[in-house]
Amino acid sequence: MTTVTTGTSARTASVGTGHTRVEGRDKVTGAARYSAEVPFADLAHGWLVLSTVARGRILGLDTEPVLAMPGVLAVLDHRNAPHLDTEYTGLLGKPDPTCAVFQHDRVPHRGWPVALVVAETSEQAREAAEALVVHYEQEPHETEFAGEHPDAYPLDGHMPGVTEKGDLDAQLASSAFVVDAEYTTPEEHHNPMEPHAATARWDGGRLEVIDSNQGVTWVVGELASLFSLDPASVRVRSEHVGGGFGSKGVRAHQVAAVMAATMLQRPVRVVLTRRQMFSLAGYRSPTTQRVRLGADPDGRLRALEHRSLSRTSTVYEFVEPSAGVARVMYDADAHHTANRVVRLDVPSPTYMRAPGEAPGSFALEAALDELAEKCGIDPIELRLRNEPDKGPVSGLPFAGRDLAACFREGARRFGWADRDRRPGLRREGRWLLGTGTAAASFPAGAAPSTATATAHPDGTFTVRISAADIGTGARTALSLVAADALQVRPEHVRVRIGDSDFGPAMIAGGSMGTRSWSWAVKEAAGELRERLALGADIPPEGLTVRSDTTEAIGALAPAERHSFGAQFAEVAVDVTTGEVRVRRMLGIFAAGRIVNPLTARNQFLGGMIWGISMALHEEAVRDRASGGHVGADLAGYHVATHADVPRIEADWIDDTDDDDPVGIKGIGEIGVVGAAAAVANAVWHATGVRHRSLPIRPDRILSAAAGARDA
């Protein structure tokens, strides 16, 4: 036995100081293995075959010639695949039937998985998959999303579909100023750098899946339910993840890999191509949003209506809750919001960074800007006059709402006071210059998690938790949290993540990951430190303490918990070419306790850059005739590149929640919220023309300029 006492010389706080990623060297040298790089003996490769029609039935598959091709081991389709159980409710609700592959002959959208070809090499699998002939009975399809639809209906997601209070029509009629406008956002895709990939194998009667996902606990639960397995007989590992953004849940490739590994009794790997990801990895639905605001002469809101329409597939209900942001940001005597969907013959949308808030903030914050113009009030002042003292819909108190402080600090640093509110006045050569602002918010939740902390005889510690680091720096943040709880230096702590054998934990999603995991790590490490301080002996295998935060999180008092922020942008617009350039951006955030300033700033900046991309570039277009994408790749789908990214600054103010023992609010998503609105508002200030549809393309600038001249 060994006794270890934590030293007093190492008590300088680690949380709040900048630290490079603990796995950074492994990543830049190639030592870190991603899911498609982990070697296995006797590995086979699967290649998915996707439908080429948008709606219909599979009449037949010519598998015999394919099975005779070199290296081909099997072809799975609806005729020979095992039955899957889809009548269950998982961590995020009912499963999307797209992941329950090969269960019937129906095709509900283009890009639906119809077969998996398995071969000795990926090249052989691809060649055979491309040679497979599938016969369809094609049916008429509808994929076009355009404004109101007679079959639209409200849908509850992770929030109620509809909320109402007050007489909207009466309050609008008695308002001195009214804004009534429609805003649209296009279909957008979150294609992480690392493609979706999974390897499945059976080892001693236990299913093991090496995967790239946002939560191993989540994937274990879904696979166990689909295949009617005991969850204890399933292990999922996901040590390094090259981006997720909401897309890396349970998808067709994992399920197909498990099917093939079960059939062949050897490891099988399935990796999605970039083009396949546009059909199978989810996306953000396009939205049509109507915002109606009514205000008194002093700009105080009497009426607020925010109605959003998004699309979903015919096989799965998913709503983009864009109207939800209004339920937090501003109050009014009459306050109506609605999230509705329409079913079309398209793949299922899914969670995408800041689901609901990103497109919703564009519409709401642009409408506030229009109201400020009508009222003749500075846009920041208008927002501050409409600061609620409690949740506009919930009526709950805010557990910290420092939005006003974000605006004050941001305005000072951005030079907002020097701004002339009148549009179209500033010119620099051929460029018109303008500035804009917008507010941001995102929920700050926490979910139950477990963690273990182990003290070793050599004075080091190991923390184990089923967390997922999807590029956010979570592994490093947890090292700092554990070090402070143990009162040691971070170099003495090793954090292991991404293994379902470590116990259940929250997924990396909803900006809840680091907050939830840190709570569990802090509890386990703190209790371990107390035992060591009392002189506990450390056996050769180490002394381990396990935590479970279920009870503690359940005891939190009800409150509106959110991160907040203020976004500022300056743009230059060339009305002769339609080019829009963002020259500078500033984001000031109130996001709770910042664990690692280095990686936190990167998260804020990444979100703001995504906001530029959303405002000016991103737009997936579907061909009406085929139901498929036009340019399903990163050449046809434009994203912001280095040349599009200006000088961007992100910073934060002190923001604490005295009732929260962790103090972390989450920062992964708030950076993108409001960013597109700030850019769009700046374009109006530069040109005097309001753009209510994203992206603000050059042709739209030119068309609007021509319309303004004609008017």
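Below are some short exercises on this predicted model, each with a worked solution.

A quick word on ground rules: residues are numbered from 1 along each chain as its sequence is written. Since the model is predicted, local features need pLDDT of at least 70 and side-chain atom pairs count only at pLDDT 80 or more, while totals for chains, interfaces and linings use all residues; side-chain values use heavy atoms, with hydrogens and water left out.

**Exercise 1. The whole chain**

Work out how many helices and strands the protein chain has, and how its radius of gyration sits against the globule rule.

Solution.
- Start with the count: the protein chain has 17 helices and 27 strands. These are DSSP runs numbered from the N terminus, with helices being H or I of at least four residues and strands being E of at least two.
- Next, the radius of gyration is 26 Å, close to the 27 Å from the globule rule for 711 residues, so the chain is as compact as a globular protein of that length. The radius is taken over C-alpha atoms, and the rule is 2.2 Å times the number of residues to the power 0.38.
- For the outline, the C-alpha trace spans about 75 × 75 × 50 Å along its principal axes.
- Burial comes next: 60% of the 711 residues count as buried. Buried means under 20% relative accessible area, exposed over 50%, and partly exposed in between (1.4 Å probe, protein chains only).
- Finally, take the contacts with a separation of 6 or more: residues 24 or more positions apart account for 83% of them. A contact here means heavy atoms within 4.5 Å.

**Exercise 2. Charges**

Find how many positive and negative side chains there are, and how far apart the centres of the two sets lie.

Solution.
- There are 73 positive and 91 negative side chains. Lys and Arg count as positive, Asp and Glu as negative, and His and the chain ends are not counted.
- The centres of the two sets lie 4 Å apart. Each charge is placed at NZ of Lys, CZ of Arg, CG of Asp or CD of Glu.

**Exercise 3. The loop between H1 and S2**

Place Ser35, Asp42 and Leu43, then describe what surrounds Ser35 and Leu43.

Solution.
- Ser35 sits in the loop between helix H1 (24-29) and strand S2 (44-50). Asp42 is in the loop between H1 and S2, and Leu43 is also found between H1 and S2.
- Ser35 has 2% relative accessibility and counts as buried. Its side chain makes a polar contact with the side chain of Glu194 at 3.2 Å. (A polar contact is a pair of N or O atoms within 3.5 Å; within protein, one must be able to donate a hydrogen and the other to accept it, and residues adjacent in sequence count only if both atoms are side-chain atoms.)
- Leaving aside neighbours within four places in sequence, Ser35 contacts include Thr199 and Arg269.
- Leu43 is buried at 14% relative accessible area. Not counting residues up to four places away in sequence, Leu43 touches Thr199 and Arg269, among others.

**Exercise 4. Backbone oddities**

Pick out the backbone features of Asp42, Gln487 and the Leu694–Pro695 bond.

Solution.
- First, the background: most residues other than glycine have a negative phi, and most peptide bonds are trans.
- Asp42 has a positive phi of about 60 degrees without being a glycine. Gln487 likewise has a positive phi of about 60 degrees and is not a glycine.
- Gln487 is in the loop between helix H12 (474-486) and strand S22 (493-496), and at 18% relative accessibility it counts as buried.
- Leu694 and Pro695 are joined by a cis peptide bond, with omega about -5 degrees. Pro695 lies in the loop between helix H16 (675-687) and helix H17 (698-710).

**Exercise 5. Two buried acids**

Are Glu320 and Asp345 buried or exposed, and what do they contact?

Solution.
- Glu320 counts as buried at 1% relative accessibility, and Asp345 is buried at 5%.
- Glu320 is in the loop between strand S16 (301-313) and helix H8 (326-329). Leaving aside neighbours within four places in sequence, its contacts include Arg284, Ser308 and Asn339.
- Asp345 is in the loop between strand S17 (334-344) and helix H9 (357-375). The Asp345 side chain reaches the backbone nitrogen of Glu142 at 2.7 Å.
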